[in-house]
Amino acid sequence: MPRVFQAIEIEKEDKEAKRDYLDRHMPHVICPDEVRKGERFEVKIRLGNNYTHPDSDDHFINILQLWNREVLLAEARYVAGVYAHKPNHSEVSFYIVAPEISMNFSAMAVCTKHGLWQSEDKPVKVL
Ligand SMILES: [Fe+2]
């Protein structure tokens, strides 16, 4: 079983010393806080706030996943060189139609060298 790096664990780490390493791998879920039932809306996953991740042949982000609680909703897979072998913020947008009940999104990202990373939860209220 691989170790899953979570946002909450950042607080336990030596934040200053590892700040760039943690930031460049951490996925974020970006979407509205509230949506209307039946509304189609964008859910974006983006890696890193301040630091970009490499895109080299042996080190790149190859999977981004969107979860609603325990259900995998969508997944994107990449190969090395998608970003011209230049450091970048990997991102993908998925489009979801709001169900009847509120959602609690999270994102997972896989780095080919540094493993599995989990975002903070992103609750979305359905009106
Ligand atoms: Fe990495």
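Which residue stands opposite His-28 in β4? In this predicted model, the partner of His-28 is Arg-46. Let's see where that pair sits.

The two strands involved, β2 and β4 (residues 40-47), run antiparallel and are joined by 4 bridges. They belong to an open sheet of 3 strands, ordered β2-β4-β7 with antiparallel pairing. Both β2 (27-30) and β7 (91-97) have a single partner strand and stand at the edges, so each has one side without a neighbour in the sheet. From one strand to the next, the twist averages 20°. As general background, strands of a sheet pair through backbone hydrogen bonds, in either a parallel or an antiparallel way.

Stepping back to the whole protein, you will find 2 helices and 10 strands. Read from the N terminus, the elements follow the order β-α-α-β-β-β-β-β-β-β-β-β. Of the 127 residues, 24% are buried. Among contacts between residues at least 6 apart in sequence, 67% join residues at least 24 apart.

Now for some backbone angles that may catch your eye. Most residues other than glycine have a negative phi. Here are two non-glycine residues with a positive value:

| Residue | Phi | Loop |
|---|---|---|
| Arg-69 | about 55° | between β5 (61-68) and β6 (71-77) |
| Ala-84 | about 60° | between β6 and β7 |

How exposed are they? Arg-69 counts as exposed because it has 10 C-beta neighbours inside 10 Å, where the cut-off for exposed is 12 or fewer. Ala-84 has 7 C-beta neighbours inside 10 Å, and therefore counts as exposed too.

Terms used:
Residues numbered from 1 in each chain as written. Predicted model: local features only at pLDDT ≥ 70, side-chain atom pairs only at ≥ 80, totals over all residues. Pairing = 2+ DSSP bridges. Axes fitted to C-alpha atoms, helices over the stretch in contact; angles between N-to-C directions. Buried ≥ 20, exposed ≤ 12 C-beta atoms within 10 Å, placed from the backbone. Contact = placed C-beta atoms within 7 Å.
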